[in-house]
Amino acid sequence: MADQDSINCTTHGDSVTTYVCQHLIRGENQDWYCAEPDEEKPWPDSWCGKCHEHFAKEGEWNDVSEQAADITNNVSILCNHCYEQIRSTCHVHYI
Ligand SMILES: [Zn+2]
Ligand SMILES: [Zn+2]
């Protein structure tokens, strides 16, 4: 937990910061893609099926895929509890 950013969620209080694309947050897309969680990153950055098309084309997040998916404008921060709530409503795909 050493260098994880914290966030003060209005619902959950002091929590860990996570990064999720807005399509998942708004419920526009329910295919959840992320790396497999591990001890170091229990809540890895996540994105939806629509964003994943850009990821899949490049095979990774790089300048091309990030720009195509407009990732800088598309990703929002959530607390880890909100993250888990949304994830539980989605089809989770580990990459
Ligand atoms: Zn998305
Ligand atoms: Zn929260």
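**Figure 1. Tetrahedral site of the zinc ion (ligand 1) in the predicted model.** The four donor atoms make angles of 103 to 117° with one another, and the site is tetrahedral. The protein donors are C21 (SG), H23 (ND1), C48 (SG) and C51 (SG). They lie 2.0 to 2.3 Å from the zinc ion (ligand 1).

**Figure 2. Donor spacing and chain linkage at the zinc ion (ligand 1).** Along the sequence, the donor residues follow the pattern C-x1-H-x24-C-x2-C. C21 belongs to strand β2 (residues 13-21) and C48 to strand β4 (residues 46-48); the pair, 27 residues apart, links distant parts of the chain. C21 and C48 are both buried.

**Figure 3. Coordination of the zinc ion (ligand 2).** C9 (SG), H12 (ND1), C79 (SG) and C82 (SG) coordinate the zinc ion (ligand 2) at 2.0 to 2.3 Å. The arrangement is tetrahedral because the four donor atoms subtend angles of 102 to 113°.

**Figure 4. Donor spacing and chain linkage at the zinc ion (ligand 2).** Here the donor residues are spaced C-x2-H-x66-C-x2-C in sequence. C9 sits in strand β1 (residues 6-9) and C82 in helix α5 (residues 80-87), so this pair ties together parts that are 73 residues apart in sequence. C9 is buried, as is C82.

Methods. Residues are numbered from 1 along each chain as its sequence is written. Chains are lettered from A and ligands numbered from 1 in the order in which they are written. This is a predicted model: local features need pLDDT of at least 70, side-chain atom pairs count only at pLDDT 80 or more; totals for chains, interfaces and linings use all residues. Side-chain values use heavy atoms; hydrogens and water are left out. Donors are N, O and S atoms within 2.8 Å of the metal (3.2 Å for Na, K and Ca); water is not among the atoms, so sites may look incomplete. Four donors count as tetrahedral if all angles lie between 85 and 135 degrees; four count as square planar and six as octahedral if opposite donors are over 155 degrees apart and all others between 65 and 115; anything else is irregular. Helices (H or I, at least four residues) and strands (E, at least two) are DSSP runs, numbered from the N terminus. Buried means under 20% relative accessible area, exposed over 50%, partly exposed in between (1.4 Å probe, protein chains only).
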